[in-house]
Amino acid sequence: MKINKIIYRALLLLSFVALNGLVLIGISAMLSYLNTGAERTSILHIEQNFEETYSPKIVWHNTTNEGREIEDQTLQSIEEDYKNAWNVRNIALASNNMYGVDDFFTTSARAKLDSIIKLNAKNGITLVTTSIQHNPTVDFYSADGKLVVFTDNNAEQYNEVYSNNTLVSNFYSTPSYKVMMLLEDGFWRIRHLVEINKKTLPIH
């Protein structure tokens, strides 16, 4: 009987030690993650990275302008953040939720998108859209390297419009956009995204 009690107490003690060990390991892992700093894709709770979930083709047709010459590394950063901005915009329109938009749009650009989303949500409308290819041409790059203006010509997009979760329209479109991006906190954010023409083709 005494032997059984000793074994029982020993098992309880071992279980207690093991449980505490797991808790300490979990806390240590969490602190390590927080100390390294979360990537913006992690903050957005996107399980896969942007390249895997959304990867439209970007074809630069002209990167020269009368002002400062744009560096290859800067062009790559602009391209990556522009693509990411489109990704969070698409997600916001599909979910009618602005979550994550702050990282890739300035205050004024967010206000415009927010008004569209609120109107769509009020009317039970959702827009599922993705772009296949963008064709930007640099119009201006500031001397301080903190502002870029370009025209995204005939961006290829596929769109589906839903009313109360029922598909009412789907179409292929090739709109062009005038885009202004600002360098803030090490990231390029969209300041203006203005559609300047639109061509649509219904999908049957």
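The following dialogue works through the reading of one predicted protein model, from confidence to individual residues.

User: Where should confidence be judged lowest and highest among the elements of the protein chain?

Analyst: This is a predicted model, and the protein chain averages a pLDDT of 80, with 70% of the residues scoring at least 70. Among the elements, helix 2 (residues 40-43) has the lowest mean pLDDT, at 41. Strand 7 (residues 176-184) has the highest, at 96. Over residues 33-51 the pLDDT stays under 50. For that stretch the model has 27 contacts beyond four places in sequence.

User: How many helices and strands does the protein chain have, and what pattern do they follow along the sequence?

Analyst: The protein chain contains five helices and nine strands. Read along the sequence, the order is α-α-α-β-α-α-β-β-β-β-β-β-β-β. With regard to contacts between residues at least 6 apart in sequence, 62% join residues at least 24 apart.

User: What share of the residues counts as buried, and what do carbon and sulfur atoms supply of the exposed area?

Analyst: Of the 204 residues of the protein chain, 35% count as buried. The chain exposes about 12800 Å², and carbon and sulfur atoms supply 58% of that area.

User: How does the reach of helix 4 stand against the expected value?

Analyst: Helix 4 (residues 72-95) has 24 residues, and from its first C-alpha to its last it reaches 35 Å. This is close to the 34 Å expected at 1.5 Å a residue.

User: What is the sign of phi at Asn 96, just after helix 4?

Analyst: As a general idea, most residues other than glycine have a negative phi. In this structure, Asn 96 takes a positive phi of about 55 degrees just after helix 4. Asn 96 belongs to the loop between helix 4 and helix 5.

User: Is Asn 96 buried or exposed, and which residues does Asn 96 touch?

Analyst: Asn 96 counts as buried because its relative accessible area is 19%, under the cut-off of 20%. Leaving out residues up to four places away in sequence, Asn 96 touches Ile 117, Asn 120, Ala 121, Ile 125 and Thr 126. One of these partners also takes part in a polar contact: the side chain of Asn 96 reaches the backbone oxygen of Ile 125 at 2.9 Å.

User: In which sense do strand 2 and strand 5 pair, and how many bridges join strand 5 to strand 6?

Analyst: Strand 2 (residues 125-134) and strand 5 (residues 156-163) pair in the antiparallel sense over eight bridges. Within this pairing, Thr 129 has Asn 159 in strand 5 as its bridge partner. Strand 5 and strand 6 (residues 166-173) also run antiparallel, joined by seven bridges. Ser 163 stands opposite Thr 166 in strand 6.

User: Which residue in the hairpin of strand 5 and strand 6 takes a positive phi near 50 degrees?

Analyst: The hairpin has two residues between its strands, and Asn 164 takes the positive phi near 50 degrees. Asn 165 likewise lies in the loop between strand 5 and strand 6. Asn 165 has a positive phi of about 70 degrees although it is not a glycine. Asn 164 counts as exposed because its relative accessible area is 57%. At 71% relative accessibility, Asn 165 also counts as exposed.

User: How should the two faces of a strand be considered, and is Ser 131 buried or exposed?

Analyst: In a regular strand the side chains alternate between the two faces of the sheet. Ser 131 lies in strand 2. With a relative accessible area of 5%, Ser 131 is buried. Beyond its neighbours within four places in sequence, Ser 131 is in contact with Tyr 54, Pro 56, Trp 86, Asn 90, Glu 156 and Gln 157. The side chains of Ser 131 and His 134 are joined by a polar contact of 2.7 Å.

User: Where is the place of Ser 115, and what is its relative accessible area?

Analyst: Ser 115 is found in helix 5 (residues 107-122). Ser 115 is partly exposed, given its relative accessible area of 42%. A polar atom of the Ser 115 side chain lies 2.6 Å from the backbone oxygen of Lys 112.

Key
Residues are numbered from 1 along each chain as its sequence is written. Side-chain values use heavy atoms; hydrogens and water are left out. pLDDT is the predictor's confidence in each residue, from 0 to 100. Helices (H or I, at least four residues) and strands (E, at least two) are DSSP runs, numbered from the N terminus. Contact means heavy atoms within 4.5 Å. The expected span of a helix is 1.5 Å times one less than its number of residues. Buried means under 20% relative accessible area, exposed over 50%, partly exposed in between (1.4 Å probe, protein chains only). Accessible areas come from the Shrake-Rupley method with a 1.4 Å probe; for residues, only the protein chains shown count as cover. Two strands pair if DSSP finds at least two bridges between them. A polar contact is a pair of N or O atoms within 3.5 Å; within protein, one must be able to donate a hydrogen and the other to accept it, and residues adjacent in sequence count only if both atoms are side-chain atoms.
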